[in-house]
Structures are given as C-alpha cells and as structure tokens.
Amino acid sequence: RAPEKESPAPPTVERQRWDHTPYENRSVENKARALELHGGDDKTEEAVARGLAYLARVQQREGNWGRADARDPKYGQIAVGKTGLALLAFLGAGHTHRSGTLHSGTVLRAVQFLSAAQDPESGHLGEGDAYSHGIATYALAECLAMTHDAELLPVLEKAVARILAAQDSHRDPRLSGGWSYYFADGHAYDRWPRTAITAWQVMALESARLSGITVPDSVFEGARAFLSAAREEERAFFLYDHDPERLADRYSTLPASTPAGMFALSLLGADLASEEWGRMRAFVLERRPDGYRYVNDDEFVFRGTGNLYFWYYGTLAMFRAGGVSWKTWNAGMKATLVPAQAADGSWSPIDPYARYARDDARDKSYTTALCVLSLEIYYRYYLPLLKVK
C-alpha cells in the first residue's frame with residue numbers, strides 16, 4: 001500500500017506586518033472588534049464578500065478591470081483607475097498578494113498589471129489622467145505598506161515622483177499646491193486645480209509616506225493651503241475649483257468636493273469632529289444616502305442622489321468625524337447599499353460617472369468597488385488614523 005500523501009501546510013498570513021499601522025483592523029483578529037465598534041455587521045460583511053467575489057470573476061486575464069484598450073476623450077485609459085479602485089477594495093478586506101488568502105491571486109494580477117502599465121521615463125501609470133494615476137498610486141502604496149514587497153518600491157517611487165512633479169507651483173492661492181487634470185503625455189486639461197483630484201493625490205502621498213517613501217513636508221503644506229482656500233465658508237461647502245466660468249455656472253460645485261476636501265484636510269491635521277466643521281458636516285449629512293436610485297442631473301448634483309462617488313467620500317469624512325455624524329451617515333449608507341446588491345454580488349451602474357468609467361452589464365467594477373470600499377470602512381483604517389505632519 002502506497003503511503004498517504006501529507007496534506008499541504010496552510011499558507012502563512014503575515015498579519016504582523018500591519019501591527020501599529022492604519023491597516024491593523026483588516027486582520028481577522030481585529031476585524032470583528034472593529035465591526036462591532038463602528039457599526040458594521042454580518043450583513044455588511046456578507047455584502048463585501050459577495051462584492052469581492054464578483055470583482056474577482058470579472059477581472060481580465062491580464063489583471064485589469066475594464067477593457068485595457070478603452071479610452072475616454074477626457075479621462076484617457078479607463079482600466080488603470082478601475083483597477084486601482086478594485087485593488088483598494090481587496091486590500092481593504094485584508095487580501096494582498098502575499099496574504100495566502102482567497103483573493104491573493106487576484107491581487108497579484110492587479111499589481112502586475114498596474115506595474116507593467118507604468119511609463120519608465122515619466123512614472124505615469126497607464127495612459128489615463130490624474131484620477132487614474134492618483135488612485136493607482138494610492139493602491140500600490142497601500143500594498144507596499146501591507147507587504148513590504150521590495151519589488152513594488154521602484155514602481156511606487158516613480159509614481160510618487162510623477163505626482164510631485166504635477167503639483168501646481170504658482171503663487172496664486174487659487175492654484176498653488178493643488179493638482180489639475182494631468183496626463184501621461186505631460187499636458188494638463190486646464191490651469192485650474194480641482195479639490196477632488198487634489199484629495200486623491202494627498203491620499204496617495206500619505207499612503208506612500210506610510211509605506212516608507214520620503215515625501216517632502218512642503219508638498220503636504222502646499223496641499224493644505226490649496227484645500228483651505230477652496231473652503232467656501234458662507235455656503236459651507238468646498239469649491240470644485242476656482243475657474244470663474246465654473247463659479248458662474250449653476251453647478252458651481254459638485255457634491256463630492258466637500259467630503260473629499262474634508263477628508264484630505266483631516267489627514268493633514270484637521271479635526272472634523274470640532275465645531276469649526278459643523279456646517280460642513282451638515283452639508284454632507286443632509287445629502288446622506290437615502291435609496292439606491294438615480295433621478296436626474298439636478299438631484300445628482302444638488303442632493304447627491306444616486307451619487308456613489310459622493311457617498312464614498314462622505315463615508316470617509318463622516319467616519320473620520322465620528323460620533324452622531326457617523327452614526328447618522330452609517331445608518332443611511334447601510335440601508336441603501338446592502339439591499340441594493342444584486343444576486344451576482346455587483347451593484348448596478350446608475351450614475352453618469354459609471355458611464356465615464358465604462359461600467360456596463362458585463363463589467364460593473366467601478367460601481368461595485370466603490371460600494372465595497374464604503375462597506376469596508378469599519379476596518380479599512382484604524383482610528384485614529386495616522387496623520388501626515
């Protein structure tokens with residue numbers, strides 16, 4: 001009788017690397033405590049698991065989400081940004097290419113796709129715009145911080161250098177310290193930095209610094225000055241940008257600009273729970289999720305109805321604020337997102353941004369990644385977050 005083969009040893013999960021970092025609640029040991037503490041439950045976790053399973057099923061063989069050859073006239077290559085968002089969703093639940101967990105292979109392919117998409121000279125990731133590059137850099141920085149994979153370091157160093165080179169250096173406070181739409185070929189869409197674009201760059205640079213990469217203090221100081229100048233105190237929101245034509249338009253701001261600016265400034269030291277931010281918190285809470293539906297453009301812009309991008313940033317900002325603000329937001333977010341999930345684990349694309357991202361019946365990865373990221377909020381970051389100083 002032939003001897004029985006030994007069962008393979010279970011994969012090693014390197015959770016100790018996350019100790020004393022903003023990512024430590026993603027480990028199995030800490031997740032249940034974080035869920036109970038911050039208002040998650042079995043239903044939100046089931047939704048996250050099903051959402052990740054859907055994203056894994058629709059990942060392309062090369063590791064990307066969305067067609068690699070798809071181009072938008074304004075945003076450029078779509079797949080890099082979608083892949084960055086999806087990768088963040090897997091990392092948020094504790095899956096890395098070294099974790100030995102269910103989705104480690106999915107994460108590995110995503111990391112390989114983003115790394116291979118980098119231009120060796122400029123460091124730009126893919127052929128997309130500032131959003132794509134910032135989101136992808138953010139994802140790779142989190143991955144490096146969680147794994148200490150030395151092969152990611154040169155890719156991330158170049159990606160960070162690209163962001164630093166694109167920061168506006170004009171003296172005009174409407175421009176200085178922010179980021180506009182910058183592209184792989186070096187051009188910018190216009191001269192006006194945007195609040196939300198700047199927020200993504202701050203998040204990417206903060207994560208890069210947490211991973212061990214040096215980012216000059218002056219870069220964060222410039223971003224803080226730009227974001228502070230975008231605060232519209234009278235109307236209690238953040239400007240989309242300072243372009244006079246935009247300011248004269250009926251859509252003078254877009255709802256996501258406010259929680260994006262709030263969250264980015266919180267990473268730079270602002271206390272969103274303080275009285276100073278009360279009216280801004282009220283702006284966001286008045287537009288909290290209240291049903292998974294799209295009505296029209298006015299509702300989308302003025303009320304945030306069906307605006308998943310606004311919901312994503314609102315979740316980050318209100319979680320950072322904590323207290324009653326978080327409890328109020330979380331109740332609406334859970335009641336809206338959990339019942340809206342489809343049987344296959346996806347969420348239906350319902351807003352204009354999903355169309356820009358090329359979500360369709362075959363690939364709902366942009367929409368699904370945003371929903372998963374929102375429902376991971378309970379443990380995505382340890383509170384208090386480490387602050388950039």
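1. In this predicted model, helix α2 passes helix α16 in a left-handed crossing. Helix α2 spans residues 42–58 and helix α16 spans residues 365–375; their axes come within 9 Å and cross at roughly 150°. Angles over 145 degrees count as roughly antiparallel, and α2 and α16 are therefore roughly antiparallel to each other.

2. Which residues make the contact of α2 with α16? On the side of α2, they are Thr44, Ala47, Val48, Gly51, Leu52, Tyr54 and Leu55. On the side of α16, they are Ser365, Thr368, Ala369, Val372 and Leu375. Sorted by class, this contact has eight nonpolar and four polar residues, and no charged residues. Glycine is counted among the polar residues here, a point to remember when Gly51 of α2 is read in the contact.

3. A second helix, α3, should be considered beside α16. The axes of α3 (residues 79–92) and α16 come within 9 Å and cross at roughly 30°. Angles under 35 degrees count as roughly parallel, so α3 is roughly parallel to α16. The crossing of α3 and α16 is left-handed.

4. The contact of α3 with α16 can also be followed residue by residue. Helix α3 brings Lys82, Leu85, Ala86, Leu88 and Ala89, and these meet Ser365, Tyr366, Ala369, Leu370, Val372 and Leu373 in α16. By class, the residues of this contact divide into nine nonpolar, one polar and one charged. The reader may compare the two lists for α16: Ser365, Ala369 and Val372 appear in the contact with α2, and Ser365, Ala369 and Val372 appear in the contact with α3.

5. The next topic is enclosed space. How many cavities of 30 Å³ or more does the structure hold? The structure holds three of them. The largest cavity contains about 60 Å³ of space.

6. Eleven residues line the largest cavity. Those that lie nearest its centre are Tyr138, Glu206, Ser207, Leu267 and Tyr381. Two elements, α7 (195–210) and α10 (257–267), give two or more residues to this lining. Helix α7 gives the most, with four residues.

7. What is the make-up of the lining of the largest cavity by class? It has nine nonpolar residues, one polar residue and one charged residue. Among the residues nearest the centre of the cavity is Glu206, and glutamate belongs to the charged class. Ser207 is also among those nearest the centre, and serine counts as polar.

Technical notes: Residues numbered from 1 in each chain as written. Predicted model: local features only at pLDDT ≥ 70, side-chain atom pairs only at ≥ 80, totals over all residues. Heavy atoms only, no water. 1 Å grid on protein atoms, 1.4 Å probe; cavity = no way out; pocket = protein on both sides within 12 Å on 5 of 7 lines; lining within 4 Å. Points joined across faces, edges and corners; volume = space filled by probe spheres on them. Axes fitted to C-alpha atoms, helices over the stretch in contact; angles between N-to-C directions. Parallel < 35°, antiparallel > 145°, perpendicular 65-115°, else oblique. Left-handed = near helix turned anticlockwise from the far one by under 90°. Contact = heavy atoms within 4.5 Å.
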